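Please find below some notes on the structure, set out as numbered points. They are intended to be read beside the sequence and the model.

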2 protein chains.
Amino acid sequence: MASSSEIGLAAGINILTAFAFLVAFAILRIQPLNDRVYFPKWYLKGLRNDPLQSGAFVQKFVNLDFRSYLRFLNWMPAALHMPEPELIDHAGLDSVVYLRIYLTGLKIFVPIACLAFTVMVPVNWTNRTLEQSNLTFSEIDKLSISNIPTGSNRFWTHLIMAYTFTFWTCYVLKREYEIIAAMRLHFIASEHRRPDQFTVLVRNVPPDPDETVNELVEHFFLVNHPDHYLSHQVVYDANLLSNLVNERKTKQNWLDYYQLKYNRNNQSKRPSMKTGYLGLCGKRVDAIDYYQSEIDKLSKEICKEREKITKSSKYVMPAAFVSFKTRWGAAVCAQTEQSRNPTIWLTEWAPEPRDVYWDNLAIPFVSLTIRRLIIAVAFFFLTFFFMIPIAFVQSLANIDGIVKAAPFMKGLLEVKFVTSVIQGVLPGIALKIFLIILPSILMMMSKFEGFTSISTLERRSATRYYIFQFINVFLGSIITGTAFQQLNNFIHQSANEIPVTIGASIPMKATFFITYIMVDGWAGVAGEILRIKPLIFYHLKNFFLVKTEKDREEAMNPGSLPFNTGEPQIQLYFLLGLVYAAVTPILLPFIVVFFGLAYVVYRHQIINVYHQQYESAGAFWPDVHGRIITALIVSQLLLMGLLSTKEAAQSTPLLIALPVLTIWFHRFCKGRYEPAFVRYPLQEAMMKDTLERAREPCLNVKSYLENAYVHPVFNNANRWDGTDDGVSDDEWPKEPTLVATKRSSRTTTPARSQRSESTRTLLCVTDERSCP
Amino acid sequence: MASSSEIGLAAGINILTAFAFLVAFAILRIQPLNDRVYFPKWYLKGLRNDPLQSGAFVQKFVNLDFRSYLRFLNWMPAALHMPEPELIDHAGLDSVVYLRIYLTGLKIFVPIACLAFTVMVPVNWTNRTLEQSNLTFSEIDKLSISNIPTGSNRFWTHLIMAYTFTFWTCYVLKREYEIIAAMRLHFIASEHRRPDQFTVLVRNVPPDPDETVNELVEHFFLVNHPDHYLSHQVVYDANLLSNLVNERKTKQNWLDYYQLKYNRNNQSKRPSMKTGYLGLCGKRVDAIDYYQSEIDKLSKEICKEREKITKSSKYVMPAAFVSFKTRWGAAVCAQTEQSRNPTIWLTEWAPEPRDVYWDNLAIPFVSLTIRRLIIAVAFFFLTFFFMIPIAFVQSLANIDGIVKAAPFMKGLLEVKFVTSVIQGVLPGIALKIFLIILPSILMMMSKFEGFTSISTLERRSATRYYIFQFINVFLGSIITGTAFQQLNNFIHQSANEIPVTIGASIPMKATFFITYIMVDGWAGVAGEILRIKPLIFYHLKNFFLVKTEKDREEAMNPGSLPFNTGEPQIQLYFLLGLVYAAVTPILLPFIVVFFGLAYVVYRHQIINVYHQQYESAGAFWPDVHGRIITALIVSQLLLMGLLSTKEAAQSTPLLIALPVLTIWFHRFCKGRYEPAFVRYPLQEAMMKDTLERAREPCLNVKSYLENAYVHPVFNNANRWDGTDDGVSDDEWPKEPTLVATKRSSRTTTPARSQRSESTRTLLCVTDERSCP
């Protein structure tokens, strides 16, 4: 166990690091040169102009106003200044709800820390158990539960504190759930008209020999939602097209690069390149001509592919976005089952257009369940056996292996210093690389599993990342050993021994986790605000690629909130805080500082930097809530295990009640608040519809929705094309207003079909008359 | 372990018992006197006439046609004769689906038994392990897995068989689920118009200071379902009234009894009685006069209570049955969320009127979740600690206790034979009584939990009863000891030891379970057909109470399928069959005989006897399916444990795949078929609506639904009243067609409200014009 002076040293170093990051940020951000790196959000909103275009030459790049250096921390109050409703308008509800996770952390842990320091620290401190024992111990250990003698009556304090902490946490959680559910409903019901309010995603349209998907969808909804159906948009399989467009974009970048180079050299020498792998081999050609011809070729291919998609029906996927006349109609269709076969005509709320993950829209039901099984098994192996391939790589990448692969380095490797460095660094590198790419691996898993929106993909990845961290970081640090060894231990231990094993080693790991919080939490968050990677990339791009203003905008890369990696990290702190609250309360201030710092930093980033990819209206809150509850239950079980080793046996029955009550609380919250996050109440929909009808009686919803759910490759194509595109937007096939049926047998619904058609006609007539 | 000759003896005895029951049944059922006991269903359907009213005097009571005694087993083919669709018409879908559980058992176990006997029995038999060991063993053990030497390669057979059995079971389950889902949808969509197709139960109507529940419900649905809302029926708290009516019914029975007695005695002496407890103490009065006056008093009270309910608004519960113009509208309302607060305006499909459990309709959401917690904890203690009160009662009810309580029996108790009988019987009696009342306890628990329909109550009780049986009968028999001792063991054992402990003792318990199957299964089922209790009660009632034909109909008591006790019993056989299939296949024929016999017996009972209380259209199948899957997983885990003691270690990884695949299969089935049991597809609803509109354009749905959901005490009241009832059906408050709103603020939905009202007016006009 580290002594308190060692902890003090580590704290000092980390505080200095964090401070250095903040100072660096304060200096960098006021340089006009970096303006687009630290304030991209305002550029994207069109609210900020480029400082490069005004002022003296030097002032364009370096800030010479020395007074502004003195106020280098003034971004902090500024970040806290913007009120919440304005922030929702500015950055969306997702960002605000994300910030509320940190706020929840503060609300939970500040009172808990105060209480722990006033009640538990004195109780722990005024014992002499550690002093009388032969163990080495530090001041920190004297503050922890370890300092209380076995079988002491003082454990009642910890028991009562455990109850208090649980009730306080549950109270805060309930309050937050309530607030966020209300915010979400208010946000959804607020004035913005959004296409997804009227639209439902239909998947697994069954194949029909007589009709195309297009006709089938129209007829199905005309029959089954005759008064509400408005229009629909079938989904095209545009993955190939999208690849081609991306390829052309890359080539265009290279072309820009060479043209810029040519111009900078005063057009003296045309740049040349090799066509082979990475420009290392192959024929040497004129680079500008080569890329020009490549781009022309690709443009032609894109034209052809696009035409194919338009003409051929085999590019139509069995999925469609169906729009309704009213929000009420869409809410009904999204929440009900359509067909007697529950695996076809699956309806769900359409995600926002920008949130749709297009590649997964056409996966059939059976395939989905099989994919889920595969991923479940794969994730199990990833979590428990990820050390095996890494150990294998490590065993390959030793000195002998390098000598064999590259004999010319033999001389160098005989130097002892180099050898020791390599042996010290190499094993770590494989693990570090794995941990860096882990979120991408988890994301790929979620994609394979077949979710249809980016927000769901991220939520799913976050869940998996949390489980991985819980097992490999939390448990792995407490009981040293790989996850597989732990699994093996747990299988061979009895159910009541597991909490004891873990619980008993918890107090010993407090100093380790304090260091972890400072390195990963404090310095990590301070590093986030510096944006080193985007800073470097922006300047590189700016130098090599940027020709026009639009290119510069592209180069900014504001990024977005890293939900799939960030949220599990926060959850780890919740877990640590709750587990150590009743054991080693000295950990709590470190966690409070983390939550406070992260709150300010991310609030600043959300206001000035991040540009969200999508808006899910805080749909992730049930996950956040569920994981905090999990942390609470884990903390209770571990405390139970710890106390049972301290022979405070009378407390066990009292502690068993805690997890039962917590689980019940979770179920209560689930029933009470979760529906607000998965369903859309009809009352709200009806109210909104009525208001809208009263305010804008002549609103043409159909034209509003017409092109909302078109694959982005069709919308964006022209941006990369210039105008030499074969098919313009106007030529793109519009849905015909009414498709004549080809089906010969219409026995089931003859009366209805006619009725609905005449209703539609009538409606058109009314529309025309009343809204000239 | 019992030897095979002992098993043979037990089998002989049980076969003889079962046979005796069947012969007794065959003789009793053809006596005209018992006709109403064995064929009540036909009487209730009005398809059978009383044989007592025709023929010679003796022939009225005793069957003298000796040829009919020779054909005494001819009911068996007759029971199998009725085809399934006719049976659905005759007895409802629930009964048919219940029979299919037995059929599923036959489908699963007949092929498994054949395979086990051709493959596994020879493999097990041709070893000499048991002969070479010092253990005593029987022929039955030679057929089991115990006869295979440790570490033998022959265990591959059992492994492959476990896979085969799993795949076969899953195949049968999937097929059955498919068939039953189709049957259910067809049944729901079939021609019968039922009130519950149009009706939704709304619970937790929020209190409103301005409006009554009646007005509030009407306005809410007029606003939020303007095109579909038809009418509604608020729920009255009629529990007190219902108690009064029941009390009057009992008194009426006594009055009938005494009047009959008086008449039988040729009106010579008026019967008298004492008014005190059980007629043992109190003043002696004239019985007929006494009961007549009591009934008059109760009738008056009933009148008053009824008037109070009609007039006072505090008897109106915050729940209502809301009816819609179309099935589509009801399906939409039942499946969607109404309000932004998900704990108010809860909508669900209305149960059938006769299926409603009226007492629970007004429980608020928070109370519901608390009740669920209480019952969960109570059930845990009931399952694991039920032996404690029983042991306490047993300790009281010993010889000394009896002597103390009843000193006059001292002489008798000194006889040694009597003492030993009492000591042998008494401890068992407390347990037996507990087991008899256990289903009622579980039913009370479900009622307390707040479910709103009898079918749900029964399903929930069945689940609990299954868990109780699994822990206390199955595990309790394998590892002798009380459930609490087992729980204690399991907590202190590691997760991989538990299956080993149980698995290793499984082969030893085969003979016990064979006996259990014969006693509980064979003889029990044969006893069911004899209907001894209803037979005795019918004749008693017939003699003492029956005055009119209606009374005789009342006395029949046909009973109904005992789902909450019967289904868990069947599940125990599924569990035994699957667990022993790969271990001791000799058990399988006994199970096959049980399923076959039970199928025939219950088919006969369903055709001739049972009168179902409700019709849930097979809504219980997901539970049945889930429990068979549970049994399958348990069998796989136990086989894994057993094989690991046999040092067939190579098989463990292969066996782990089985539960994973089975769980995946369950999830697949859940997604694929379960929605058919909980939701109602819009396509079906629309099709049915359209058909109905085409066939009966002038149908008045409103008048059809008007009195469908009135508390039975209002509907049935006149049956027990004569006509001296204060309020006749006509005076019962009808819902006014349109209630003027009292609410002053109508800001949110002014346009809509007017519109919907005018729509309603228009609709009425149309109706009147087109349907004169």
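**Notes on a predicted model**

1. Helix H13 of chain B is largely enclosed by the rest of the structure, because 11 of the 12 residues of H13(B) are buried. The coordinates come from a predicted model, and the points that follow should be read accordingly. The buried residues of H13(B) include the hydrophobic-ring residues B:Phe220 and B:Phe221. Also among them are B:Glu215, B:Glu218, B:His219 and B:Asn224. The helix runs over residues 213-224 and reaches 16 Å from its first C-alpha to its last, close to the 16 Å expected at 1.5 Å a residue.

2. Two residues of chain B deserve a check of their backbone. B:Trp345 has a phi near 50°, a positive value in a residue other than glycine. This tryptophan, B:Trp345, is found in the loop between helix H16 (327-335) and strand E6 (346-349) of chain B. Its relative accessible area is 6%, so B:Trp345 is classed as buried, the limit being under 20%.

3. The second such residue is B:Ala617, whose phi is positive at about 55° although it is not a glycine. B:Ala617 belongs to the loop between helix H29 (587-608) and helix H30 (621-645) of chain B. With 4% relative accessibility, B:Ala617 also counts as buried.

4. How many cavities of 30 Å³ or more does a search of the whole structure find? The search finds eight, and the largest holds about 140 Å³ of space. The largest cavity is lined by 17 residues, and those nearest its centre are A:Leu578, A:Ala582, A:Ser635, A:Gln636 and A:Leu639. Helix H11 (155-189), helix H28 (563-581) and helix H30 (621-645) of chain A are the elements that give two or more residues to this lining. H30(A) gives the most, with six residues. By class, the lining has 13 nonpolar and four polar residues, and no charged ones.

5. Over all chains, the search finds 75 aromatic pairs. In one of them, the rings of A:Tyr98 and A:Tyr102 have their centres 5.9 Å apart and their planes at 75°, so the pair is edge-to-face. A:Tyr98 and A:Tyr102 are separated by about one helical turn because they are four residues apart in helix H8 (residues 93-125) of chain A. Both A:Tyr98 and A:Tyr102 are buried.

6. Is the pair of A:Phe470 and A:Phe474 stacked or edge-to-face? The ring centres are 5.6 Å apart and the planes lie at 25°, so the pair is stacked. A:Phe470 and A:Phe474 lie four residues apart in helix H22 (residues 454-478) of chain A, about one turn of the helix. A:Phe470 is buried, with a relative accessible area of 18%, and A:Phe474 is buried at 0%.

7. One aromatic cluster of chain A takes in A:Tyr98 and A:Tyr102. Its other members include A:Phe109, A:Phe563, A:Tyr573, A:Phe574, A:Phe594 and A:Phe595. A:Tyr602, A:Tyr610 and A:Phe620 also belong to the cluster.

8. Two arginines are placed over aromatic rings. The charged end of A:Arg464 sits over the ring of A:Phe379, 5.4 Å from its centre. In chain B, B:Arg371 lies over the face of B:Phe448, at 4.7 Å from the ring centre.

Definitions and conventions
Residues are numbered from 1 along each chain as its sequence is written. Chains are lettered from A and ligands numbered from 1 in the order in which they are written. This is a predicted model: local features need pLDDT of at least 70, side-chain atom pairs count only at pLDDT 80 or more; totals for chains, interfaces and linings use all residues. Side-chain values use heavy atoms; hydrogens and water are left out. On a 1 Å grid over the protein atoms alone, a cavity is a set of points where a 1.4 Å probe fits but cannot get out, and a pocket is an open set with protein on both sides within 12 Å along at least five of seven lines; lining residues have an atom within 4 Å of a point. Grid points are joined across faces, edges and corners, and a volume is the space filled by probe spheres set on the points. Ala, Val, Leu, Ile, Met, Phe, Trp, Tyr, Cys and Pro count as nonpolar, Asp, Glu, Lys and Arg as charged, and the others, Gly among them, as polar. Buried means under 20% relative accessible area, exposed over 50%, partly exposed in between (1.4 Å probe, protein chains only). Rings of Phe, Tyr and Trp (its six-membered ring) pair if their centres lie within 6.5 Å; planes under 30 degrees apart count as stacked, over 60 as edge-to-face and the rest as tilted. A charge sits over a ring if NZ of Lys or CZ of Arg is within 6 Å of the ring centre and within 35 degrees of the ring normal. The expected span of a helix is 1.5 Å times one less than its number of residues.
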